[in-house]
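The following exercises are to be worked through with the sequence and the three-dimensional structure at hand. Each task is followed by a stepwise solution.

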Amino acid sequence: MPVSDLDIDLASYIDHSLLQPSATPEQVKQLCQEAFKYNFPAVCVYPTAVKQAADLLYDKRTQVCTVIGFPTGANTSAVKLYEAREATENGATELDVVINLGWLKTQQSDLIYREIAQICEETGQTVKAILETAVLNEAEIRLAGEICLDAGVAYLKTSTGWFGGATVDTVRLLREITGGQIGIKASGGIRTLEQAVALIEAGATRLGTSRGIELMRQQREVDK
């Protein structure tokens, strides 16, 4: 179906992201202003920027999301939990947590479950489990998804963007795994309106991207 024929409120899907290690406070401020202007559901920033973003978006609809154990997921569980607690105290209401891929590869499901479940329980925030699907086979994606679903996450997220991005086939697989019980965040390499629409059609309920403003511009061009 042509993009122009679709009735999608694109802005309502975008986690407006700034995950460049060199990001400055001025860039964080601009990110928050843009998210408020377009009514994006969330901004996604590094933990050091959470307090600034939370202050800028105080009493606004746009939520503050941050990343935990990013980008490898190889931090200890105690460090991830501390990071998640601190982020929550600083104003984050959404936590994108990278799972431990080494544990997944060796099928240590109980360790992954305990780590994610503890973060969900002790923070009480919206947790999105980052599976890093680009480095997993289908069986591993299914296992990771089922563990995180049982642990109480609110979303499964495809990728950090550091090792590969979201694909339509992966989003469809996550949709099958979740059965619509929780959300799906597609992230990494989303540069065009066509990509965004295809991922939404496949089942994505959030899009993690640093190109939210460009996507909105592309949508305006199509709507003319």
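The model is a predicted one.

**Exercise 1.** Determine which elements and residue classes line the largest pocket.

*Solution.* Step 1: The volume of the largest pocket is about 540 Å³. Step 2: Its lining comprises 28 residues, and those nearest the centre are Ser-17, Gln-20, Thr-209, Ser-210 and Arg-211. Step 3: At least two lining residues each come from strand S1 (14–18), helix H1 (25–38), strand S7 (183–187), strand S8 (206–209) and H9. H1 provides the largest share, four residues. Step 4: Sorted by class, the lining holds 15 polar, seven nonpolar and six charged residues.

**Exercise 2.** Decide whether Gln-219 is buried or exposed, and identify its contacts.

*Solution.* Step 1: Gln-219 belongs to helix H9, residues 212–223. Step 2: The relative accessible area of Gln-219 is 16%. Buried means under 20%, so Gln-219 is buried. Step 3: Apart from neighbours within four places in sequence, Gln-219 contacts Ile-8, Leu-10 and Leu-193.

**Exercise 3.** Describe the surroundings of strand S4 (residues 94–98).

*Solution.* Step 1: Five of the five residues of S4 are buried. Glu-94, Asp-96 and Val-98 point one way, whereas Leu-95 and Val-97 point the other way. Step 2: Strand S3 (residues 63–68) runs parallel to S4 and is joined to it by four bridges; strand S5 (residues 126–130) is also parallel to S4, with five bridges. Step 3: Asp-96 stands opposite Val-67 and has Lys-128 as its bridge partner in S5. Step 4: Together with helix H3 (residues 77–89), S3 and S4 form a right-handed β-α-β unit.

Methods:
Residues numbered from 1 in each chain as written. Predicted model: local features only at pLDDT ≥ 70, side-chain atom pairs only at ≥ 80, totals over all residues. Heavy atoms only, no water. Buried < 20%, exposed > 50% of the residue type's maximum accessible area, 1.4 Å probe, protein only. Contact = heavy atoms within 4.5 Å. 1 Å grid on protein atoms, 1.4 Å probe; cavity = no way out; pocket = protein on both sides within 12 Å on 5 of 7 lines; lining within 4 Å. Points joined across faces, edges and corners; volume = space filled by probe spheres on them. Nonpolar A, V, L, I, M, F, W, Y, C, P; charged D, E, K, R; others polar. Pairing = 2+ DSSP bridges. Right-handed = clockwise from strand over helix to strand, strands pointing away.
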